[in-house]
Amino acid sequence: MAHCVVPEAEAILDREFPVLDKGFIRLVDYLGGDERVVQSARVSYGEGTKSYREDAALIDYLLRHRHTSPFEQVILTFHVKLPIFVARQWIRHRTARLNEISGRYSVMKDDFYLPASENVSLQSKDNKQGRSAEPMDKDLSAQVLASLKAGQKKAYADYTELVDEGIARELARVNLPLSLYTEWYWQIDLHNLFHFLELRLDTHAQLEIRLYAEALLDIAKKVAPRCCESFERHISGGVTFSKEEFAELKRRLAGAEGGKNTADGLSGKVLDRFEEKIRSGKQI
Ligand SMILES: Cc1cc2nc3c(=O)[nH]c(=O)nc-3n(C[C@H](O)[C@H](O)[C@H](O)COP(=O)(O)OP(=O)(O)OC[C@H]3O[C@@H](n4cnc5c(N)ncnc54)[C@H](O)[C@@H]3O)c2cc1C
């Protein structure tokens with residue numbers, strides 16, 4: 001089979017998709033696309049590409065049934081500029097290959113992340129890992145931003161001073177904060193990208209990495225639109241139910257009333273979670 005060329009992906013190669021205040025994602029290269037997924041899946045049955053509709057249906061079938069290996073045949077390489085605290089979360093995804101700028105070799109740039117003022121929030125009261133959805137007082141938000149900025153300025157001034165004094169760059173950098181931007185090349189196949197996106201597009205993920213995940217999905221849509229459509233239909237846009245929740249769902253579909261503390265239904269927090277899941281269409 002010939003090399004797979006996807007015109008929509010060719011058109012965005014090397015284009016920067018801005019993320020946060022100074023970050024970006026660029027698609028450096030890609031291998032395969034929807035067509036490659038179909039070709040590699042059909043090899044199991046010795047059949048070639050069929051009609052567009054049949055190919056889209058095959059992709060949807062594969063994704064729905066978690067027949068994932070054909071998606072591993074599509075590979076994407078990205079150049080990403082991201083704050084170190086986002087990189088710390090990102091790097092937990094082990095099924096990718098990456099190469100990061102070296103702070104031992106290069107002098108780090110004066111690039112720090114400052115959140116937009118509307119994204120400065122108090123600690124959430126009910127989610128220990130998240131921000132409150134309550135709007136924050138504007139003066140307090142300005143105060144927070146000024147404090148972050150002052151810390152970054154001081155840290156970078158100290159760093160520059162140490163570098164100028166001839167201190168090893170690998171030591172001079174150790175007090176630089178998590179808001180400093182770093183850069184890397186990141187290569188991943190489509191199956192593992194979908195796993196990354198499932199976790200990082202989720203509302204439980206931190207806003208900043210979520211924004212990168214959204215940009216990654218926009219780019220992946222150019223490379224493999226049918227695959228991404230099925231991913232959005234069955235995975236990021238779908239909801240899974242536990243055994244008990246599924247039993248409750250069946251009970252209600254059979255005409256039983258929903259409500260707290262029903263004899264054979266869900267109760268308490270489990271019921272609240274289930275109802276919230278139904279209401280919001282999100283994994284709770
Ligand atoms: C909302 C959120 C909050 C989080 N909070 C924390 C936190 O507080 N502290 C923290 O430390 N982490 C936290 N994490 C990170 C999380 O625990 C995972 O490490 C991260 O999401 C990567 O998931 P993964 O291992 O499935 O992905 P990958 O590393 O990409 O792996 C993909 C899949 O490959 C398989 N796999 C890969 N490597 C191995 C291996 N060595 N052995 C067996 N199977 C393997 C597994 O099936 C895995 O699911 C958080 C993640 C999210 C999304």
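**Figure 1. Glu161 and its separation from Ser124.** In this predicted model, Glu161 is found in helix α5, the element that spans residues 138-164. With a relative accessible area of 47%, Glu161 is partly exposed, because the partly exposed class runs from 20% to 50%. Although Glu161 and Ser124 are 37 residues apart along the chain, 38 Å separates their C-alpha atoms.

**Figure 2. The largest pocket and its lining.** The largest pocket has a volume of about 800 Å³, and among the 30 residues that line this pocket, Ser121, Leu122, Gly130, Arg131 and Ser132 are the closest to its centre. Two elements, α5 (138-164) and α8 (207-223), give two or more residues each to this lining, and α5 gives the most, with three residues. Sorted by class, the lining of the largest pocket contains 14 polar residues, together with eight nonpolar and eight charged ones.

**Figure 3. The salt bridge between Arg131 and Glu208.** Arg131, which is one of the residues closest to the centre of the largest pocket, meets Glu208 in a salt bridge between their side chains, at 2.5 Å from N to O. Arg131 lies in the loop between β4 (97-100) and α5, whereas Glu208 belongs to helix α8, so this pair ties together parts that are 77 residues apart in sequence. The partners differ in how they are classed by accessibility: Arg131 is partly exposed at 33% relative accessibility, while Glu208, with a relative accessible area of 3%, is buried.

**Figure 4. The second largest pocket.** A volume of about 370 Å³ is found for the second largest pocket, which is lined by 17 residues, with Asp202, Ile235, Ser236, Gly238 and Gln283 the closest to its centre. Helices α7 (190-200) and α9 (225-236) each supply at least two residues of this lining. By class, the lining of the second largest pocket consists of seven polar, five nonpolar and five charged residues.

**Figure 5. The largest nonpolar core, seen around Trp186.** The largest nonpolar core has 51 residues, and those with the most contacts inside this core are Ile25, Phe78, Trp90, Trp186 and Leu193. Helix α8 provides the largest share of the core, namely nine residues. When neighbours within four places in sequence are left aside, the residues in contact with Trp186 are Leu76, Thr77, Phe78, Trp90, Ala96, Arg97, Leu98, Leu193, Phe196 and Leu216. Another core, of nine residues, lies apart from the largest one, and its members include Met108, Ala155, Tyr159 and Val163.

**Figure 6. The largest cavity.** The count of cavities of 30 Å³ or more comes to one, and the largest cavity has a volume of about 70 Å³. Its lining is made up of Lys81, Ile101, Met108, Lys109, Asp111, Tyr181, Thr182 and Glu183, and Met108 is also a member of the nine-residue core. Strand β5 (residues 181-189) contributes the largest share of the cavity lining, with three residues. By class, four residues of this lining are charged, three are nonpolar and one is polar.

**Figure 7. The salt bridge between Arg42 and Asp55.** Of the 17 salt bridges that the structure holds, this view shows the one formed by Asp55 with Arg42, in which the closest N and O atoms are 2.9 Å apart. The pair links distant parts of the chain, 13 residues apart, with Asp55 in helix α3 (residues 52-64) and Arg42 in helix α2 (residues 34-42). Asp55 is buried at a relative accessible area of 12%, and Arg42 is likewise buried, at 8%, because buried means under 20%.

**Figure 8. The salt bridge between Arg252 and Glu275, and a network of salt bridges.** In the salt bridge that Arg252 forms with Glu275, the closest N and O atoms are 2.9 Å apart. Arg252 is placed in helix α10 (residues 243-253) and Glu275 in helix α11 (residues 268-280), so the pair ties together parts of the chain that are 23 residues apart in sequence. Arg252 is partly exposed, with a relative accessible area of 24%, and Glu275 is partly exposed with a value of 24%. A further view shows Asp60, Arg64, Arg226, Glu229 and Arg233, which are linked in a network of salt bridges.

Terms used: Residues numbered from 1 in each chain as written. Predicted model: local features only at pLDDT ≥ 70, side-chain atom pairs only at ≥ 80, totals over all residues. Heavy atoms only, no water. 1 Å grid on protein atoms, 1.4 Å probe; cavity = no way out; pocket = protein on both sides within 12 Å on 5 of 7 lines; lining within 4 Å. Points joined across faces, edges and corners; volume = space filled by probe spheres on them. Helix = DSSP H or I, 4+ residues; strand = E, 2+ residues; numbered from the N terminus. Nonpolar A, V, L, I, M, F, W, Y, C, P; charged D, E, K, R; others polar. Core = buried A, V, L, I, M, F, W, Y, C linked by side-chain atoms within 4.5 Å. Buried < 20%, exposed > 50% of the residue type's maximum accessible area, 1.4 Å probe, protein only. Contact = heavy atoms within 4.5 Å. Salt bridge = Lys/Arg side-chain N within 4 Å of Asp/Glu carboxyl O.
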